[in-house]
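Good morning, and thank you for coming. Please take a moment to look at the sequence and the structure before I begin.

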Amino acid sequence: MPISTVSEDELKEQRLFIQRVRAVTHVFDHKPLAFTHSYGCQQNVSDSEKIDGMLAEMGFDFTDKPENADLVLYNTCAVRENAENRVFGNVGALKHFKEKNPGMIIAVCGCMVQQEHIAERMKQRFPYVDLIFGTHVLHKFPEMLYSIYEKGRRVVCIPEIDGAIAEGLPVRRSDKFKASVPIMYGCNNFCTYCIVPKVRGRERSRAADEIISEVRELIKTGYKEILLLGQNVNSYGKGTDTDFPALLRELDRLDGEFIISFMTSHPKDCSHELIDVIAGSRHISHHLHLPVQSGSDRILKLMNRHYDVGKYLSLVDYAREKIPDIQLTTDIIVGFPGETYEDFKMTLDLMKRVKYDSAFTFIYSRREGTKAAEMDDPVSDEEKGTWFRELLDVQGEFGERAYEKYVGQTLRVLCEGRGRTDDKLLTGKSRQNIIVDFAGDDSLLGSFADVKITKALPWALVGEIVKEE
Ligand code: SAH
Ligand code: SF4
Ligand code: F3S
């Protein structure tokens with residue numbers, strides 16, 4: 001599968017639009033201010049960093065108060081209904097600001113508006129929204145914005161094509177020491193409950209040399225954690241002569257002290273080779289987020305997940321054997337259409353068997369246009385709620401004590417900021433991707449320290465520095 005990238009000519013054209021917007025905002029009586037907010041997953045956060053990068057080049061500064069902004073942008077998520085409801089509520093609340101400041105530009109982009117019926121609703125319900133654009137045209141943001149300034153008319157751009165990969169867009173990173181690097185876009189898995197393949201299109205992998213040179217550059221400029229992003233990183237490079245373990249091996253060869261982490265790993269093609277690469281690596285995080293979704297083979301089949309509980313458990317066992325200190329986390333859906341209490345109990349059994357360090361748990365949300373939306377769903381919301389609470393109790397029992405095994409160990413910790421348990425402490429992240437708070441001064445920020453763990457909380461560790469560098 002050849003990699004389709006946005007042409008250099010097209011990118012040049014967008015850079016021209018960046019200059020044109022700059023010329024428009026230059027005559028404002030103040031420096032233009034943007035408020036941007038991202039809903040949903042890390043992929044969206046990463047897209048927003050590119051939007052912010054383009055805005056910065058267009059002359060914008062940033063504010064955390066939408067009422068003060070000349071441009072408000074929401075980058076939206078469609079994965080569950082409550083994510084969408086929140087956006088409708090927040091866009092509704094902007095009406096008031098726009099009345100006070102009619103020059104304010106309001107933009108809504110991302111996964112939610114990539115769905116035709118939602119974009120239509122957004123257009124009808126909020127006539128004061130100036131710009132609506134989907135997930136495939138991010139790089140055309142300068143052109144769309146310029147068109148609004150020039151013509152004073154609303155712009156809606158939601159092509160159904162799979163977006164080509166745009167390399168070299170400016171990025172305004174939200175973190176000082178941690179950098180997200182998308183390695184692939186889209187998803188080909190079509191889990192029957194999930195809207196992502198519809199709103200993000202088919203899988204497209206970035207060229208390995210682009211990724212490697214971006215990571216090399218980031219490390220050179222002082223980033224200490226590189227988060228590789230993809231809906232299913234294990235599919236990276238499918239149809240080409242490279243794959244995810246090979247990419248990780250290459251990145252692990254880079255020199256310096258840093259952590260490479262990744263999200264998300266689909267169990268159907270999480271290979272022993274991948275686990276071996278992590279086990280033998282210098283830099284790769286000892287954290288595997290391996291979403292299981294359900295502990296019932298019957299439900300996994302209806303979900304189109306392409307693995308069964310047996311295969312999943314043998315992967316977990318292999319990972320724990322090869323990487324004894326690995327942190328294992330998961331995603332679970334409760335109340336998939338047709339799920340019975342018997343099926344649900346199998347999920348509880350699986351959780352008791354695996355004893356995850358933590359689990360992200362969701363009640364099934366019906367997504368228009370997915371296969372599961374057509375399935376019979378006889379269990380009431382109330383009953384699903386009861387199951388959900390039972391699941392939280394079971395996970396709570398293990399989660400509460402999951403980190404106790406680290407007490408007494410010395411972990412290498414990347415110091416990132418002021419403490420989360422106490423702001424007199426520093427906070428950081430261990431190679432297992434666990435939050436660690438400890439006493440230390442600000443000169444340690446952005447470097448690694450050895451910390452002896454003295455206390456385990458359900459969501460973090462507390463310790464003392466044993467050696468400074
Ligand atoms: N690509 C990732 C996950 C993307 S969405 C993966 O396959 O693991 C993140 C999580 O949201 C999923 O793992 C799933 O647990 C949950 N999710 C997705 N669609 C959902 C829906 N319709 N209702 C409830 N939860 C859902
Ligand atoms: Fe959705 Fe499944 Fe793709 Fe994850 S792998 S994004 S859950 S379709
Ligand atoms: Fe949401 Fe889109 Fe991510 S639907 S979870 S923001 S890919």
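Strand 12 and strand 13, the latter spanning residues 327–334, run parallel and are joined by 3 bridges. One bridge pairs histidine 287 with glutamine 327 of strand 13. Helices and strands here are DSSP runs, numbered from the N terminus, with at least four residues for a helix (H or I) and at least two for a strand (E). Two strands pair if DSSP finds at least two bridges between them.

I should say at once that this is a predicted model, in which local features need pLDDT of at least 70 and side-chain atom pairs count only at pLDDT 80 or more, while totals for chains, interfaces and linings use all residues. Residues are numbered from 1 along each chain as its sequence is written, chains are lettered from A and ligands numbered from 1 in the order in which they are written, and side-chain values use heavy atoms, with hydrogens and water left out.

Let us turn to the whole sheet. It is open, with 3 strands in the order 12-13-14 and parallel pairing. Its edges are strand 12 (287–289) and strand 14 (358–363), each of which pairs on one side only. On average, neighbouring strands are turned by 10 degrees against each other, direction ignored. Helix 13, residues 381–402, packs on this sheet and touches strand 13 and strand 14; its direction makes about 180 degrees with that of strand 14. Contact means heavy atoms within 4.5 Å. Axes are lines fitted to C-alpha atoms, for helices over the stretch in contact, and angles run from 0 to 180 degrees between N-to-C directions.

How do helix 12 and helix 13 cross, and at what angle? The axes of helix 13 and helix 12 (residues 341–354) come within 10 Å and cross at roughly 10 degrees. The two helices are therefore roughly parallel, a term for angles under 35 degrees. Among the contact residues are Tyr341 and Phe344 of helix 12, and Trp387 and Phe398 of helix 13. By class, this contact has 8 nonpolar, 2 polar and 2 charged residues. Ala, Val, Leu, Ile, Met, Phe, Trp, Tyr, Cys and Pro count as nonpolar, Asp, Glu, Lys and Arg as charged, and the others, Gly among them, as polar.

Finally, the ligands. The residues around ligand 3 (a heavy atom within 4 Å) include Cys41, Cys77, Cys111 and Gln231. Gln231 also belongs to the surroundings of ligand 2, together with residues including Cys187, Cys191 and Cys194.

Notes: Angles under 35 degrees count as roughly parallel, over 145 as roughly antiparallel, 65 to 115 as roughly perpendicular and the rest as oblique.
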